[in-house]
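Hello,

Here is the structure I promised to hand over. Please open it alongside this note, and my findings follow below.

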Amino acid sequence: MLDHIPYFSYVLSAFIGIGLAAATGFRVFLPLFAVSLASYLHWIPMNESFEWISGLPALITTGIATVVEILAYYIPFVDHLLDTISVPMATVAGSVLFASQFADLGTFPQWGLALIAGGGTAATISSGFAGIRAASTATTGGLGNSVVGTTETAGAGIMSVLAMAAPVIAAVFALILIILVVVFGRKAWRKLRKTNAEP
């Protein structure tokens, strides 16, 4: 019945893309691995332009990268090093996953939407959590970073599954996440600046 609604497939694709982009804001490789695994097992369709995602090499590569990324966030100092490169990497990953849902739209609108909606969502969430981690380091001496890291990994996993299984819910969660991350991220950066300014 919903299939008869004009442009419904594009709206659904947008919800899936936003959900996956939000997931990459938490962890760069886990959502890529989830999509690769799901498409490799034929649980979700993949457009021929993005068939490389469903291939075994991509599955193995993203699987190894996911494990390394998750473990690296529990290593002091390494987690901050990853934060410096996570925002651009999340932007790229979010854009790719968003674009994979709009392969029939045309190259320019496909990647234009991907960069704005997918990359923007991923970058916002990634930079927000980078601020929260920095504030956690300043206030807890790094002891709270493992909690932040675990939260990010859980968020990436949940959002990845929701994006593919319940895209509307995933899109709503993504919007709520963006608002929360912006609010708490700003507070975290302010707190960090205040801590650094104190003698």
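What is the volume of the largest cavity? It comes to about 50 Å³. Keep in mind that this is a predicted model.

**Cavity**

The structure holds one cavity of 30 Å³ or more. Its lining has 13 residues, and G25, F26, Y73, S86 and S126 are the closest to the centre. Three elements, α1, α4 and α5, each give two or more residues to that lining. By character, the lining of the largest cavity splits into five charged, four polar and four nonpolar residues.

**Pocket**

The largest pocket holds about 390 Å³ of space. It is lined by 17 residues. Closest to the pocket centre are S13, I16, P45, S100 and Q101. Helix α1 gives the most to this lining, with five residues. Here the division is eleven nonpolar, five polar and one charged.

**Core**

The largest nonpolar core has 37 residues. Within it, F26, V35, I125 and M159 have the most contacts. Six helices each supply at least two residues of this core: α1 (8-26), α2 (29-40), α4 (78-99), α5 (107-140), α6 (145-165) and α7 (167-197).

I125 is worth a look on screen. Which residues does I125 contact, leaving aside its neighbours within four places in sequence? They are A22, G25, F26, L177, I178 and V181. F26 thus turns up in several places: it is among the residues with the most contacts inside the core, it is in contact with I125, and it is one of the residues closest to the centre of the largest cavity. G25 also appears both in the I125 contacts and by the cavity centre.

**Helix α1**

How many residues does α1 have, and what should they span? At 1.5 Å a residue, its 19 residues should span 27 Å. The end C-alpha atoms are 28 Å apart, which agrees. The buried residues of α1 are S13, I16, G17, I18, G19, L20, A21, A22, A23, T24, G25 and F26. Two of these, S13 and I16, are also among the residues closest to the centre of the largest pocket.

**Helix α6**

α6 has 21 residues. From first C-alpha to last it reaches 30 Å, close to the 30 Å expected at 1.5 Å a residue. Its buried residues are N145, V148, G149, E152, T153, G155, A156, M159, S160, L162 and A163. M159 is also one of the core residues with the most contacts. An α-helix has 3.6 residues a turn, so residues three or four places apart point the same way.

T150 sits in α6 too. Is T150 buried, exposed or partly exposed, and why? It counts as partly exposed, because its relative accessibility is 42%, between the 20% and 50% cut-offs. The C-alpha atoms of T150 and Y74 are separated by 8.8 Å, though the two residues are 76 apart along the chain.

**Helix α2**

Two residues of α2 deserve a check: S36 and L37.

- S36 is buried, with a relative accessible area of 1%.
- Leaving aside its neighbours within four places in sequence, S36 is in contact with I53, S54, G55, A58, L59 and T62.
- The C-alpha atoms of S36 and E51 lie 9.3 Å apart, with their positions 15 residues apart along the chain.
- L37 counts as partly exposed, at 28% relative accessibility.
- L37 and L56 are 8.9 Å apart in space, C-alpha to C-alpha, and 19 residues apart in sequence.

**Positive phi**

Which loop holds H42? H42 lies in the loop between α2 and α3 (56-72). Its phi is near 65 degrees, a positive value in a residue other than glycine. H42 counts as exposed, at 70% relative accessibility.

F77 is in the loop between α3 and α4. Phi of F77 is near 75 degrees, again positive in a residue other than glycine. F77 is exposed, with a relative accessible area of 70%. The cut-off for exposed is over 50%.

Best regards

Definitions and conventions: Residues are numbered from 1 along each chain as its sequence is written. This is a predicted model: local features need pLDDT of at least 70, side-chain atom pairs count only at pLDDT 80 or more; totals for chains, interfaces and linings use all residues. Side-chain values use heavy atoms; hydrogens and water are left out. A nonpolar core is a set of buried Ala, Val, Leu, Ile, Met, Phe, Trp, Tyr and Cys residues joined through side-chain atoms within 4.5 Å. Buried means under 20% relative accessible area, exposed over 50%, partly exposed in between (1.4 Å probe, protein chains only). Helices (H or I, at least four residues) and strands (E, at least two) are DSSP runs, numbered from the N terminus. Contact means heavy atoms within 4.5 Å. The expected span of a helix is 1.5 Å times one less than its number of residues. On a 1 Å grid over the protein atoms alone, a cavity is a set of points where a 1.4 Å probe fits but cannot get out, and a pocket is an open set with protein on both sides within 12 Å along at least five of seven lines; lining residues have an atom within 4 Å of a point. Grid points are joined across faces, edges and corners, and a volume is the space filled by probe spheres set on the points. Ala, Val, Leu, Ile, Met, Phe, Trp, Tyr, Cys and Pro count as nonpolar, Asp, Glu, Lys and Arg as charged, and the others, Gly among them, as polar.
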